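Hi,

Here's the structure I promised to send over. Have a look at it first, and then read on for what turned up when I went through the charged side chains.

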Amino acid sequence: MSHLESGAMKLEKDWYQVSEILEWADRSLREVTRDHEVSTELPPDLPDVLVDRVRVGQVLINLCENAAKYSGRGGQILISAEISGDSIVISVADKGEGISPREMERVFDRFYRVAGEYDSEEGIGLGLSICRGIVEAHYGEIWVESKVGKGSKFSFSLPIEEKEGSRLRLP
């Protein structure tokens, strides 16, 4: 966390498809979601993004771990991606217990933990704060949509940049 805040964290950026990031994180994702039903929705025409695959993979792992933690055993988790303007938006959605509007304002704060029915004593409340730092280091944004009793959807954006030699042309 201190590396993120001080700007000392070095990103090892390269061009990746979202599917390649998921493949890199696959073993960890399977471990944290082993008792859940996970599906993905990735359009085949997503452009490559210039990211640190390990760091963005960490964001996905953390979001999936939280989705699993706050959902009952066997709960559904959906990982999806889409183009929105000049960004790719990646989302992790669950059908868990959801987050109250009051708590949604604080979920990305350091050391804040949402109390819930399925919550264990694990974690100290830095995961989402670290996710925010990683996403912001990539010039993206992270946010949550949630309804109590219906589930939560955590999303983050990554800017689409023009890749030399590609057919993609940005304004």
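Which residue does R73 form a salt bridge with? The partner is D35, and the closest N and O atoms of the two are 2.9 Å apart. This pair ties together distant parts of the chain: R73 sits in the loop between α3 (53–69) and β4 (76–84), while D35 is in the loop between α2 and β2 (37–41), 38 residues away. As for solvent, R73 is exposed at 71% relative accessibility, whereas D35 is partly exposed, at 31%.

Do keep in mind that this is a predicted model. Searching the whole structure gives three salt bridges, so here are the others.

D26 pairs with R30, with 2.7 Å between the closest N and O atoms. Both belong to helix α2 (residues 18–32), and because they are four residues apart there, about one helical turn separates them. R30 is exposed, with 58% relative accessible area; D26 has 29%, which puts it in the partly exposed class.

Then there is E31 with R34, whose side chains meet in a salt bridge at 2.7 Å, N to O. The arginine, R34, counts as exposed at 57%, and its partner E31 counts as partly exposed at 47%.

If you put the accessibilities next to each other, R73, R30 and R34 are exposed, while D35, D26 and E31 are partly exposed.

Happy to talk it over whenever suits you.

Cheers

Notes
Residues numbered from 1 in each chain as written. Predicted model: local features only at pLDDT ≥ 70, side-chain atom pairs only at ≥ 80, totals over all residues. Heavy atoms only, no water. Salt bridge = Lys/Arg side-chain N within 4 Å of Asp/Glu carboxyl O. Helix = DSSP H or I, 4+ residues; strand = E, 2+ residues; numbered from the N terminus. Buried < 20%, exposed > 50% of the residue type's maximum accessible area, 1.4 Å probe, protein only.
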